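Work through the exercises below with the sequence and the model open. Each task is followed by a solution in steps.

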Amino acid sequence: RDALVLLATVAAVAPFMKSRGASPILGFLLAGVVLGPEGLGVVSQVKSERALADLGVAIFLFDLGLQVSMDRLKKMRKEIFGLGLTSYLASGLLLTALFGKGWIVGYALALSSSVVGLQLLRDRDELATKH
């Protein structure tokens, strides 16, 4: 039942947010807060939904990989491995220091923020733009 609620919410939220000129990510986050166990409790089996979420992230990253050529990766290796790794490590350290929940949580949050940032760039059709 929770999976159906999740899929129906995605089907409704994405077009609604796009029609408003906003990123669907914001809508997904708000829907999760409202429908989750701390909100209305419509979705209660959070552990089973995590597997579905992991699959979604994997598919998203695979889709991004399809759009990037090896030549582009070679040209961007300094940015990816230099700035990207530095940003990831610094964000992880900061989040770990702020929340004190252990280093794994800090780095998981830092990594998830990268996925959100990539999706925002994709929504704005700015993946190929150098920032």
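**Exercise 1. Overall make-up**

How many helices and how many strands does the protein have?

Solution. The model is a predicted one. Counting the elements gives six helices and zero strands. Written along the sequence, the pattern reads α-α-α-α-α-α.

**Exercise 2. Burial and surface**

State what percentage of the residues count as buried, and which atoms supply 70% of the exposed area.

Solution. Step one: the protein has 131 residues, and 17% of them count as buried. Step two: the exposed area is about 9,800 Å², of which carbon and sulfur atoms supply 70%. A further step concerns contacts between residues at least 6 apart in sequence: 44% of these join residues at least 24 apart.

**Exercise 3. Helix 1 against helix 2**

Classify the packing of helix 1 and helix 2 from the angle between them, then describe their contact.

Solution. Step one: helix 1 covers residues 2-19 and helix 2 covers residues 24-35. Their axes lie 9 Å apart, at an angle of about 140°. Step two: an angle over 145 degrees would count as roughly antiparallel, and 65 to 115 as roughly perpendicular. The two helices are therefore oblique to each other. Step three: the crossing of helix 1 past helix 2 is right-handed. Step four: helix 1 contributes V5, T9, V10, V13, A14, M17 and K18 to the contact, while helix 2 contributes P24, L26, G27, F28, A31 and L35. Sorted by type, these residues comprise 10 nonpolar, two polar and one charged.

**Exercise 4. S23**

Is S23 buried or exposed, and which residues does S23 touch beyond four places away in sequence?

Solution. Step one: S23 sits in the loop between helix 1 and helix 2. Step two: the relative accessible area of S23 is 16%. The cut-off for buried is under 20%, so S23 is buried. Step three: leaving out residues up to four places away, S23 touches M17, L120 and D123. M17 of helix 1 also belongs to the contact with helix 2.

**Exercise 5. R72**

Place R72 in its helix, classify its accessibility and find its contacts beyond four places in sequence.

Solution. Step one: R72 belongs to helix 4, residues 70-75. Step two: relative accessibility is 25% for R72, so R72 counts as partly exposed. Step three: apart from neighbours within four places, R72 is in contact with L127 and A128. Step four: R72 and A128 are separated by 56 residues in sequence, and their C-alpha atoms are 9.5 Å apart in space.

Technical notes. Residues are numbered from 1 along each chain as its sequence is written. This is a predicted model: local features need pLDDT of at least 70, side-chain atom pairs count only at pLDDT 80 or more; totals for chains, interfaces and linings use all residues. Side-chain values use heavy atoms; hydrogens and water are left out. Axes are lines fitted to C-alpha atoms, for helices over the stretch in contact, and angles run from 0 to 180 degrees between N-to-C directions. Angles under 35 degrees count as roughly parallel, over 145 as roughly antiparallel, 65 to 115 as roughly perpendicular and the rest as oblique. A crossing is left-handed if the near helix is turned anticlockwise from the far one by less than a right angle, and right-handed if clockwise. Contact means heavy atoms within 4.5 Å. Ala, Val, Leu, Ile, Met, Phe, Trp, Tyr, Cys and Pro count as nonpolar, Asp, Glu, Lys and Arg as charged, and the others, Gly among them, as polar. Buried means under 20% relative accessible area, exposed over 50%, partly exposed in between (1.4 Å probe, protein chains only). Accessible areas come from the Shrake-Rupley method with a 1.4 Å probe; for residues, only the protein chains shown count as cover.
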